[in-house]
Amino acid sequence: MEKPRSSPFLKIFLCGLLGGFVIFAIAAYAMTVSDSRPFCTTCHLMTEAGVTHKLSTHADLSCNECHAPHNLLAKIPFKAKEAIRDVVYNVQGADLPLGPNSVTREVVNANCIACHARTNVDVASMNVKPYCVDCHRNVAHMRHKPVSTRMVAYD
Amino acid sequence: MTSKIFKSTVLLGLGLSLTLVGGCNDVSTELKAPVYSTSIKEDSTRISDFKKDFPLQYASYMKNNESEVMTEYKGSVNFRKNDNVNPLPKGWKHAQPYLKNLWLGYPFMYEYNEARGHTYANKDFLEIDRINRYAEKGGLPATCWNCKTPKMMTWIAEYGDSFWSKDVNLFRTRDAIDEKDETIGCANCHDPKTMELRPYSEPLKDWLKRSGKDWNTLSRNEKRSLVCAQCHVEYYFTHKDNGPAARPVFPWDKGFGPEDIYQYYTEHGARDASGKQTPFFDWVHAASGVKMIKMQHPEYETFVDGPHGAAGVSCADCHMPYQRVDGKKVSSHWMTSPLKDPELRACRQCHADKTADFLRERVLYIQNRSFAQLLKAQEASVRAHEAVRLANEYIASHPDALNAEYEKLMAQARDLVRKGQIFWDYVSAENSVGFHNPTKTLDTLMSSYEFSQQAVELAEQATNYAISPALAGDIKTIVPPILEHSRKLQQDPAHLQTNPWLKLLPVLPPADQVWKEQEKVAAR
């Protein structure tokens, strides 16, 4: 009473496995692409951030190396939440954004530490200023450079 | 059923990847400003010509009509800048009470008001008492139109260098200019065909040439200040000995500071018998007889080496911030006090980590101190004029009881009166009350005070201190500020008796007003 090799159960199982693998691969790829500058600057509202990023020392890192948690369990809901807010904001056509909110500040700052912890291991550099960019100010998208080096109209 | 699931999975994946691939073009760091190809006439001088193609910028520009809001020191109510007695709209708590005294004998003693939106440039020009409206001729050169209208391009094309020295009133009628539609507008800064930034200004183009600069090779950043520097600068009118009479010149060849400009004006006046240029002067002060220089709104010269200017921040960065209107990002064309915005958004494009309140306090920190010192420097300057005036009188009546070197001492004193006034006027005429360049402002005022003080001492010495008792005490008692004066009032001998310095002015012949804005109200 052996089952035939080509039983529908195995077919379904293999299909499911393949499907799962494809979905996982797409999801992984999508997560990476949607971390990146070309994706973020699809909305022209982000051009200033994109231009100053590309001109900066951090140009070869993705936007979300700084702007989302590195931990995947925290990252997925964070990205979903931020994306919804950004889409709503953009559709509303509100005035120019004025820097990151406090949640993003914390996330960015944690990511400064994630990469640059070794540099700061012997100093109490987190004790005086709340954020690293309070000293490393132009890491915050070259905010102190003349406007014409960062923006043009109709972006 | 299996294939259905499979199909929808593939479809979903495909859709998702398409979305992702859609965003695969990286940004360009070239930052190309948009260029247009319009059907507007190349030589258009009318603001309304631009309305249809550029409704957002047009609407934003029309906000310049707001003329009600005051900030602490500045704002858009055109109050009289010497009047700290009357309430708005005539006077304001922060006014400079000695202005009419310090400009005695010069048209600025008749009327000088707080500046307001570009849209009022022609209207205010046609109503100002500095231009004579009690005669056919205004008594001032047509050069006065230079920074008021894009019509300048038409007039210069028509008349060339003979335009400048024509009488200003030749161009005030309706057939010469449309007051509202041809006030400072689009064509003053934009090429109507491409809307690229371009200079219309003859004196700025002259300076670019003199300093070896080519507009087409300048950066967008420089242009975002230079379009303003077409007008927001100190200038003078060429003396006929040195070129086309009354052609405007920016006196920048030795630099932008007050000392550089003072040095520049030691030349460029009429030529003497040997062909050498004498010191330039705008007028002879009616009390002290000193040959004076008038400073006019040196915004560019002040700001260019200040904390913002030296760092490459442009005028437009703070005065024309980007804003999103109808979902489109455009430069604000409401050129006004950035302090009117409660959120100070213009500042916070850079100072994103600061609150509006903090930033406003920092501006006031500078302005409070600058304005207080400005008033003191002006008082010192009045005392210096009075000292030279008293010395002149004393020397005339006591030829025997003088210091042996009085001629030399008086020459120095007069020069220091002139220099002291150039210095405070450099700050006074500038419209940021110190903010555009705090250090230069306070340094200039301190120097001004010092020069005026030295002038007093030298004049005293020249008379062997005979005039010293008359100069002791509160200057406001010795020489009271002149609150009211105008061309009409100067026709009234009784008015000229109301202030010791007004007595020094000639009575003007009685005359009715000939011009009311663009209208001729009396035929003469």
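How many salt bridges does the structure hold over all chains? The count is 44. This is a predicted model, and the tour below stays on chain B.

**Stop 1: the whole chain**

Select chain B and show it as a cartoon. There are 18 helices and ten strands to page through. The C-alpha trace spans about 125 × 50 × 50 Å along its principal axes. Now colour by accessibility. Of the 524 residues in chain B, 52% are buried. Contacts reach far along the sequence: among those between residues at least 6 apart, 65% join residues at least 24 apart.

**Stop 2: a salt bridge between sequence neighbours**

Select Lys52(B) and Asp53(B). Their side chains form a salt bridge, at 3.9 Å from N to O. Are the partners buried or exposed? Lys52(B) counts as exposed, at 74% relative accessibility. Asp53(B) is partly exposed, at 31%.

**Stop 3: a salt bridge between distant loops**

Next, select Lys340(B) and Glu66(B). Here the N to O distance of the salt bridge is 2.6 Å. The two residues are 274 apart in sequence, and the pair links distant parts of the chain. Lys340(B) sits in the loop between strand E8 (328–331) and helix H13 (345–348). Glu66(B) sits in the loop between helix H2 (55–62) and helix H3 (99–102). Check accessibility again. Lys340(B) is buried, with a relative accessible area of 16%. Glu66(B) is buried too, at 18%. Both values fall under the 20% cut-off, so both residues count as buried.

**Stop 4: a salt bridge between two helices**

Move to Glu259(B) and Lys419(B). Their side chains meet in a salt bridge at 3.0 Å, N to O. Glu259(B) belongs to helix H9 (residues 258–264) and Lys419(B) to helix H15 (residues 406–428), so the pair ties together parts that are 160 residues apart in sequence. Glu259(B) is partly exposed, at 32% relative accessibility. Lys419(B) is buried, at 11%.

Then select Asp161(B), Glu202(B), Lys205(B), Asp206(B) and Arg247(B). Salt bridges with shared partners join these residues into one network.

**Stop 5: the largest nonpolar core**

In soluble globular proteins, nonpolar side chains tend to be buried together. Which residues touch the most other members of the largest nonpolar core? Select Tyr265(B), Trp424(B) and Ala459(B): these are the ones, in a core of 64 residues. Colour the elements that give two or more residues to this core: H3, H9, helix H14 (356–397), H15 and helix H16 (438–462). H14(B) supplies the largest share, twelve residues.

Zoom in on Tyr265(B). Leaving out residues up to four places away in sequence, Tyr265(B) touches Glu234(B), Tyr235(B), Tyr236(B), Pro251(B), Pro279(B), Phe280(B), Ile293(B), Met295(B) and Arg418(B).

There is also a second, separate core, of 19 residues. To find this second core, select Ile128(B), Met152(B), Tyr200(B) and Cys231(B), which are among its members.

**Stop 6: the H15 and H16 pair**

Two packed helices are described by the angle between their axes and the distance between the axes. Show H15(B) and H16(B) alone. How do their axes lie? The axes come within 8 Å and cross at roughly 160°. This angle makes H15(B) roughly antiparallel to H16(B). Rotate the view to look through one helix at the other: H15(B) passes H16(B) in a left-handed crossing.

Key
Residues are numbered from 1 along each chain as its sequence is written. Chains are lettered from A and ligands numbered from 1 in the order in which they are written. This is a predicted model: local features need pLDDT of at least 70, side-chain atom pairs count only at pLDDT 80 or more; totals for chains, interfaces and linings use all residues. Side-chain values use heavy atoms; hydrogens and water are left out. A salt bridge is a side-chain nitrogen of Lys or Arg within 4 Å of a carboxyl oxygen of Asp or Glu. Buried means under 20% relative accessible area, exposed over 50%, partly exposed in between (1.4 Å probe, protein chains only). Helices (H or I, at least four residues) and strands (E, at least two) are DSSP runs, numbered from the N terminus. A nonpolar core is a set of buried Ala, Val, Leu, Ile, Met, Phe, Trp, Tyr and Cys residues joined through side-chain atoms within 4.5 Å. Contact means heavy atoms within 4.5 Å. Axes are lines fitted to C-alpha atoms, for helices over the stretch in contact, and angles run from 0 to 180 degrees between N-to-C directions. Angles under 35 degrees count as roughly parallel, over 145 as roughly antiparallel, 65 to 115 as roughly perpendicular and the rest as oblique. A crossing is left-handed if the near helix is turned anticlockwise from the far one by less than a right angle, and right-handed if clockwise.
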